[in-house]
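The following exercises ask for a structure to be read from its overall dimensions down to individual ring pairs. Please attempt each task before turning to its solution.

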Amino acid sequence: MTGLDKTLWDVIVVGGGNAGLCAAIEAAETGAKVLILESAPKTYRGGNSRHTRNFRCMHDGPLSVLTGSYGEDEYFDDLIRVTKGKTDEGLARMTIRTSQDCLPWMEAHGVAFQKALSGTLSLSRTNAFFLGGGKALVNAYYNTAVDLGVRVAYDAEVTHISVEAGRFQGLDVTLAGQPTRIEGRALVLASGGFQADLDWLADAWGPAARNFLIRGTPYNRGVVLRDMLDQGADSVGDPTQCHAVAIDGRSPKFDGGIVTRLDCVPFSVVVNNQGERFYDEGEDVWPKRYAIWGRLVAAQPDQVAYCIIDSKSIENFMPSVYPPEQADTLEGLAQKLGISGSKLRDTVDAFNAACQPGTFQPTELDGLSTTGLTPPKTNWARPITEGPYYGYSLRPGVTFTYLGLKVDDRARVFGQAGVMHNIWATGEIMAGSILGEGYLAGFGMTIGTVFGRIAGQEAAAHVA
Amino acid sequence: MSLDTPPRLTATDEARRQVEICNACRYCEGYCAVFPAITRERAFADGDITQLASLCHNCRGCYYACQYTEPHEFALNLPAALAEVRVESWDRFAWPAGPARLFQTSGVALGGALVVGIALLFWAVSVLQPDSGEGFYAYLSHGLMVAIFAPAFLFPLAVIALGLRCYWAEVGGARIRWGHLQAAMIDAGRLKNLSGGAAGGCNFEKGDRYSQARRHAHQAVFWGFLLCFASTSSGTVLHYVFDLQAPYGPFSLPKLLGVPGGILLTIGAVGLAWLKTKADPALGAPSVWGGEMAFVALLGATGATGLALYAATGTGLVQPLLALHLGTVLAFFLTTPYSKMVHGFYRMAALVRDAQLKG
């Protein structure tokens, strides 16, 4: 019906997010005949890219909306800090260096940038924000790609890649419900991670993973990743790990995106559903701590926790997408949250008794610490005393998974017999090659853009 | 109705629901003035929503960039939500409210007003024709023209002034200083809020692609209208202050202002109407689509009939064209407080208020 199976495509791109689009555009600009297979319907196209908001970019001097400079070594140090060294230095430095050329390329291909958003000023030097966010970027790239003659098929779920003797032969795809075989001369894999496959997550993490919320697209089910691994492709990244942050527990199961974040932990007492505290809420400023709270909450009974704040702190953090639960007494709040009122009262009383006088400074480490409390709260420890009291539930929100395909600096994929001759990978499906642990804001888009462009250029050169 | 059906939100409640989600996201801060205004608040009173709605120019950039549009359960469509609030607020602020509901929603009603206006003027030029007079004063005396148009101009202005007072009270406006007016006029004159910021255009006739077409067409209408208005005003000054009576020559002030003004107004209105047929009605207030379209046509008709009248100078067509043009202008004036035309006044007020809030 679609006629896509009647053509021998030069380059087939699996996945229509940022990484795949960059590859498709690069390949199409050389004159190659390019097909994008996007598993989502058009309204949900773009994978996790539609939820992103910025691009971390090296720059020797002011560049577009970026101020000052952000050199290779500083960028690399930031990466080492979050990954604790779990990276490939050669690939990482290449990615960082190339990011500087990518920003003008992005602008030339339709992406508009804006200055750092309010509440994100800490990133104004290092990260260029997309005007309108990632979906606007995705729209711009689709328009550019279509203008270059790229064909796009939506609702196109690739089920199997045929690889023979290290060479891509064709693929099986379900197009609008119809199993179809499509042939191509080169393949770019840009189909993301597996975080939306809850069974896989549960296999890797344990049954608790079924209580996780998935912050991004429900279409990243890792079907192509698993198919490639089953065929002996080299993998990289810890298969049991995912990146999870603590988000509003009432968020949608999938696709809640940015608005589900909660920034109130540093100003709260956080308890589990037994009403007990379990970690220092004031360890560091929130942008440096939100990532560990995903794991912390995941380790609690039923993978849930509750932030308790009082009226003093209600305006110290970004507005939440859902209003907090609210009550005039702690017991009333506990009842609304579904936890024991007397237990919460005991925990808060013990916390309040351990608070010390001092000056509260919400935007910096103020050293306002508890004494004699386990675990302590080492900053912003103010007694919870002024009603009405407010509460939010927290759950782990999965952003991405680390397991992926191992690539080299030309985005080539490897198998048992060495390099695969006409298969390249970009985006989340290979990001584990560089990001072995943790996360650096805006770096996923950098990896996708850098390797997307390389993959597109390499694939086009292969078929030229 | 079953008991478990949630009550339908009012336009203001629905806009508030959406704005609160936007305030937790903030990805659209660079498009227009609405989003920075949202980030200045944590809670939104009804008056805040009215202000945000009046500030929104319906550029639609935020809709196409939004990750939460339907079928997402958050179901955001902020341009439509704010458009609905605007429409309701114009009804609420108009006196009397009945005509506002009618002319905002019904293109047919606005067309009816046009027919009545033209018929009235045809009657005037045929029955009340003066004994002597030059140019179009041969068909309608200056005194009668003033007798018709002075009230037809001043009454709508008075109604709009009352409406603006209600608006100002509702949004909690403060004392206006020159700096606020200046900032608002610069934004209005450049149509900064249709520029899309760094996107270099808004999303209207080409879906998620940016374009300057609507901004340029609106600029033509806006400046064309002001030139026409200046032309008429200059004629009034020439008449009363300098005792120079129409008809004026081609290089007179009224013609130098009026001819380019009429051309811009006509072309701009045709452009806006055409663009409107290409845009998605679901991103505005669908109930007023017809009324808006008729209003654009009426604006264009005032320009086109004025040009035709000038072109017909000295021919036998002056009499019918004079009736046609003045009838169109009459219908335009009298419906001004109740048609889409009020958007200009409330938007200006919103820009002034925004300048105050930006401090």
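The exercises below concern a predicted model, and each task is followed by a worked solution.

**Exercise 1. Dimensions of chain A**

Task: Determine how the radius of gyration of chain A relates to the value for a compact globule with 464 residues.

Solution:
- Step 1. The globule rule takes 2.2 Å times the number of residues to the power 0.38.
- Step 2. For 464 residues this rule leads to a radius near 23 Å.
- Step 3. Chain A has a radius of gyration of 24 Å, which agrees with the compact globule.
- Step 4. The extents of the C-alpha trace along the principal axes are about 75 × 50 × 35 Å.

**Exercise 2. Composition and packing of chain A**

Task: Describe the secondary structure, burial and contacts of chain A.

Solution:
- Step 1. Chain A contains ten helices and 19 strands.
- Step 2. Of its 464 residues, 62% are buried, that is, under 20% relative accessible area.
- Step 3. Among contacts in chain A with a separation of 6 or more, 73% join residues that are 24 or more positions apart.
- Step 4. The accessible surface of chain A is about 16,600 Å², and carbon and sulfur atoms contribute 49% of this area.

**Exercise 3. The same analysis for chain B**

Task: State which secondary structure elements make up chain B, and test its radius of gyration against the globule rule.

Solution:
- Step 1. Chain B has 14 helices and zero strands, so that its order of elements from the N terminus is written with the symbol α throughout.
- Step 2. A compact globule of 359 residues would have a radius of gyration near 21 Å; the 22 Å of chain B agrees with this.
- Step 3. Along the principal axes, the C-alpha atoms of chain B occupy a box of roughly 70 × 45 × 40 Å.
- Step 4. Buried residues account for 51% of the 359 residues in chain B, and 73% of its contacts with a separation of 6 or more are between residues 24 or more positions apart.
- Step 5. The accessible surface of chain B amounts to about 15,900 Å², with 67% belonging to carbon and sulfur atoms.

**Exercise 4. A surface patch**

Task: Identify the residues of the nonpolar patch on the surface of chain B, and classify the accessibility of B:Val237.

Solution:
- Step 1. The patch consists of B:Val146, B:Val237, B:Tyr240, B:Val241, B:Phe242 and B:Leu244, which together have about 580 Å² of accessible area.
- Step 2. B:Val237 is located in helix H10 (residues 213-240) of chain B.
- Step 3. B:Val237 is partly exposed, because its relative accessibility is 39%, between the cut-offs of 20% and 50%.

**Exercise 5. Aromatic pairs**

Task: Classify the ring pair of B:Tyr63 and B:Tyr64 and that of B:Phe153 and B:Phe333.

Solution:
- Step 1. Over all chains, the count of aromatic pairs is 31.
- Step 2. The rings of B:Tyr63 and B:Tyr64 lie 5.2 Å apart, centre to centre, with 90 degrees between the planes, and the pair is edge-to-face. Both B:Tyr63 and B:Tyr64 are buried.
- Step 3. B:Phe153 and B:Phe333 form a tilted pair, at 5.3 Å centre to centre and 55 degrees between the planes.
- Step 4. This pair links distant parts of the chain, 180 residues apart: B:Phe153 belongs to helix H8 (residues 142-170) and B:Phe333 to helix H13 (residues 318-335) of chain B.
- Step 5. B:Phe153 is partly exposed at 26% relative accessible area, whereas B:Phe333 is buried at 17%.
- Step 6. Ring pairs join B:Phe153 and B:Phe333 with B:Phe225, B:Phe229, B:Phe295 and B:Phe332 in a cluster.

Conventions
Residues are numbered from 1 along each chain as its sequence is written. Chains are lettered from A and ligands numbered from 1 in the order in which they are written. This is a predicted model: local features need pLDDT of at least 70, side-chain atom pairs count only at pLDDT 80 or more; totals for chains, interfaces and linings use all residues. Side-chain values use heavy atoms; hydrogens and water are left out. Patches are made of residues with over 30% relative accessible area and no salt bridge: like charges are joined within 9 Å, nonpolar side chains (Val, Leu, Ile, Met, Phe, Trp, Tyr) within 5 Å. Accessible areas come from the Shrake-Rupley method with a 1.4 Å probe; for residues, only the protein chains shown count as cover. A salt bridge is a side-chain nitrogen of Lys or Arg within 4 Å of a carboxyl oxygen of Asp or Glu. Helices (H or I, at least four residues) and strands (E, at least two) are DSSP runs, numbered from the N terminus. Buried means under 20% relative accessible area, exposed over 50%, partly exposed in between (1.4 Å probe, protein chains only). Contact means heavy atoms within 4.5 Å. Rings of Phe, Tyr and Trp (its six-membered ring) pair if their centres lie within 6.5 Å; planes under 30 degrees apart count as stacked, over 60 as edge-to-face and the rest as tilted.
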